[in-house]
Amino acid sequence: MNFIYNITVKILSKQEVVPTIYLMRLRAPEIAQNALPGQFIHIKCSKVNYPLLRRPLSIHRIDKEKGEIYILFQVVGESTKLLAQNEVGDDLDIIGPIGNGFNIYPESRKIMIVGGGIGVAPLLALCEESIRQGKEVRVLIGALRKELVVREESFKVLGAKVDVATNDGSYKYKGLVTDLLERIIKEGWLADQIFACGPKLKLKKIVEVSLDAHIACQVSLEERMACGIGACLGCVCKIKTKDKEKDKVKHEYKRVCVDGPIFEGSEVVWDD
């Protein structure tokens, strides 16, 4: 595991990109230099000890040259509400980078990135790195309706082809982002790898689609965390592994914080 820093960082900018979803740019040179797409930081959301627990947030973008990182988060509870009340110039206490990163295979030429709602949070850094490596990248973004589509233009600016699915059909493809993924595969656009983040049921479906198409798939899992550094075992998930001696599948519980948050989709036990 890479070195994890506990540092104070300054908020350089803050923007509400869609209702209740905020983008923050942080001055964090130590983390920017060491972070990988898919890793996260653990943030103390207020100046006092309430709420007691930190909040894990994906690193949305990494700017190594400027020593900056971006986070994208949705206000869904007291912690994120307090975090959103911070202003430009305020300091934040953060720990990171934590966890593993996405594994882009050197031989992969075509990359499919799928994000549902705030699930796009760890995927912009992945898109940027994939394009830096010369991959052809296609991004699918899912949202309930048009005004909740997150960061479409940011992916386009990087050079990715972007498709959007809205549940109510108010913008572009009508239906679930998983339906759009199936349609694109049936039309013959076959990626070498699929990367996804979003609600668990969507991830389960994306993995099923990828397995049917014989495409390797990695997922970023979201779990409630306490310590965030692997000590408390509060964020375990069930993973399939192979017993080499007996040549059969067995199960282990792995920590999403430090063993993940990125897992091979085929290894995750979704129905436990």
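A residue is called partly exposed when its relative accessible area falls between the buried limit of under 20% and the exposed limit of over 50%. Arg 183, at 43%, therefore belongs to the partly exposed class. The structure described here is a predicted model, and the picture below starts from this arginine and its partner.

Arg 183 pairs with Glu 187 in a salt bridge, with 3.2 Å between the closest N and O atoms. The glutamate of this pair falls in another class: Glu 187 has a relative accessibility of 56% and so counts as exposed. A further pair joins Arg 255 to Asp 259, where the closest N and O atoms lie 3.3 Å apart. Here both partners are partly exposed, because Arg 255 has a relative accessibility of 26% and Asp 259 one of 30%. In the whole structure, the search returns 16 salt bridges.

Helix H4, which spans residues 152-158, offers another example, since it holds both Lys 156 and Glu 153. These two residues are three positions apart, or about one turn of the helix, and their side chains meet in a salt bridge with an N to O distance of 3.7 Å. Lys 156 is partly exposed, as its relative accessibility is 32%. The pair also has company: a network of salt bridges links Glu 152, Glu 153, Lys 156 and Lys 172.

Turning to the domains, the assignment for this protein gives domain 1 as residues 5-98 and domain 2 as residues 110-222. Each side brings 14 residues to the contact between them. The centres of the two domains, taken over C-alpha atoms, are separated by 24 Å. About 1,200 Å² is buried between domain 1 and domain 2, and carbon and sulfur atoms supply 67% of this area. What does the interface hold in the way of salt bridges? One is found across the interface of domain 1 and domain 2. Arg 61 and Glu 128 form a salt bridge whose closest N and O atoms are 3.1 Å apart; by the assigned bounds, Arg 61 falls in domain 1 and Glu 128 in domain 2.

The surface also has a nonpolar side. Leu 233, Val 236 and Tyr 253 together make a nonpolar surface patch of about 310 Å². Of these residues, Tyr 253 sits in strand S14, which covers residues 248-255. Tyr 253 has a relative accessibility of 53% and therefore counts as exposed. Strand S14 also takes in position 255, the site of the arginine that pairs with Asp 259.

Notes
Residues numbered from 1 in each chain as written. Predicted model: local features only at pLDDT ≥ 70, side-chain atom pairs only at ≥ 80, totals over all residues. Heavy atoms only, no water. Salt bridge = Lys/Arg side-chain N within 4 Å of Asp/Glu carboxyl O. Helix = DSSP H or I, 4+ residues; strand = E, 2+ residues; numbered from the N terminus. Buried < 20%, exposed > 50% of the residue type's maximum accessible area, 1.4 Å probe, protein only. Patch = residues over 30% accessible without salt bridge, like charges linked within 9 Å, V, L, I, M, F, W, Y side chains within 5 Å. Areas by Shrake-Rupley, 256 points an atom, 1.4 Å probe, with all protein chains shown as cover. Domains from an automatic or database assignment. Contact = heavy atoms within 4.5 Å. Buried area = accessible area lost by both parts, 1.4 Å probe.
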